Amino acid sequence: MAYVLKRENPIAVFDSGVGGISVLRELVKVMPNENFIFFGDSKNAPYGTKSLEEVRSLTCTHAKELFDAGAKGLVVACNTATSAAVRVLREKYPEIPIVGIEPAVKPAVLCKEHPRVLVMATPMTIREEKFRKLMQRYEDQGEIIPLPCPGLMDFVERGDLHGDDLKKYLTELLFEFREKKVDAAVLGCTHYPFAKEMIQEVLGPDVQIFDGAPGTAREMKRRLAACDLLSERTEKGTVEFHCSLDDPKKLELCHYLLQK
């Protein structure tokens, strides 16, 4: 099926849950006059513990639904789904601008000379070849320490961003890095920026924290411009939320996180 891409059509943002709203926030800042459709597959979250085949199938299915709904571009705002499916999607839809996200390792290793960089990510992201290649690309510029964080995204999915349970989880997870200090931490899952305040509190004020959302937003704008698909609208754009889980509270959480 050939898709007719129009400047006034919306940009789709897809995530395995609500974490991709951290990317959506940056997209709205960079392109305030665009319309956006956000789809969170909370029904099937988390993706980070699923098989590659499962994640690829879910991502491709939802991408097609978004293109059929008229999206002129797609941001895969999920590190796990990016690793599993972005290359396949670009091959299948070469005419549509598609941008994935990857952990912000590059700016982190450049923050000082040969820093110790902690990369927090889902177990699947860390297992993927794409992530290993990213680490290899910068391993001579710093000490890169991958840390799987099973369960961290679940706190964000529940809207638990400041509770004692989250603090206990992070304190235990990051305990050794309070002793053996790191210079920077990379938030390698789009859910994690919503826990940034508490991650900073546990790691300490001297640790610089990086995430990939700003770079992803700039790249989407660049690709749309290259295809002459940027909106000519002068008024502020709209944001439409959809979730695979039929739960009004989940949509309330989406609106809350966008304003956070």
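In this predicted model, helices α3 and α6 (129-138) each supply at least two residues of the lining of the largest cavity. The largest share of that lining comes from α6, with three residues. The cavity in question has a volume of about 50 Å³, and a search of the whole structure finds three cavities of 30 Å³ or more. The residues that line the largest cavity are Asn 79, Ser 83, Ile 101, Glu 102, Pro 103, Thr 125, Lys 130, Phe 131 and Leu 134. By character, four residues of this lining are nonpolar, three are polar and two are charged.

Helix α3 also offers a convenient way into the strands. Spanning residues 79-92, α3 makes a right-handed β-α-β unit together with β3 and β4. Strand β3 covers residues 73-76, and its side chains sort neatly by direction: Gly 73 and Val 75 point one way, whereas Leu 74 and Val 76 point the other way. This fits a familiar pattern, since side chains in a regular strand alternate between the two faces of the sheet. Whichever way they point, all four of these β3 residues are buried, that is, under 20% relative accessible area.

Strand β3 has pairing partners in both β1 and β4. Strand β1 (residues 11-15) runs parallel to β3, and four bridges join the two. Strand β4 (residues 98-99) likewise runs parallel to β3, here with two bridges. Val 75 is a good residue to follow through these pairings: Val 13 stands opposite Val 75, and in β4 the bridge partner of Val 75 is Val 99.

Attention now turns to the aromatic residues, for which the count comes to seven pairs. One of them joins Phe 14 and Tyr 47, whose rings are tilted, with 6.3 Å centre to centre and 50° between the planes. Phe 14 belongs to strand β1, while Tyr 47 sits in the loop between β2 (36-40) and α2 (52-68), so the pair ties together parts that are 33 residues apart in sequence. Both Phe 14 and Tyr 47 are buried. Strand β1 thus appears twice in this account, as a parallel partner of β3 and as the strand that holds Phe 14. Elsewhere among the aromatic residues, Tyr 3, Phe 67 and Tyr 93 form one cluster.

Terms used:
Residues are numbered from 1 along each chain as its sequence is written. This is a predicted model: local features need pLDDT of at least 70, side-chain atom pairs count only at pLDDT 80 or more; totals for chains, interfaces and linings use all residues. Side-chain values use heavy atoms; hydrogens and water are left out. Buried means under 20% relative accessible area, exposed over 50%, partly exposed in between (1.4 Å probe, protein chains only). Two strands pair if DSSP finds at least two bridges between them. A crossover is right-handed if, with the strands pointing away from the viewer, the path from the first strand over the helix to the second runs clockwise. On a 1 Å grid over the protein atoms alone, a cavity is a set of points where a 1.4 Å probe fits but cannot get out, and a pocket is an open set with protein on both sides within 12 Å along at least five of seven lines; lining residues have an atom within 4 Å of a point. Grid points are joined across faces, edges and corners, and a volume is the space filled by probe spheres set on the points. Ala, Val, Leu, Ile, Met, Phe, Trp, Tyr, Cys and Pro count as nonpolar, Asp, Glu, Lys and Arg as charged, and the others, Gly among them, as polar. Rings of Phe, Tyr and Trp (its six-membered ring) pair if their centres lie within 6.5 Å; planes under 30 degrees apart count as stacked, over 60 as edge-to-face and the rest as tilted.
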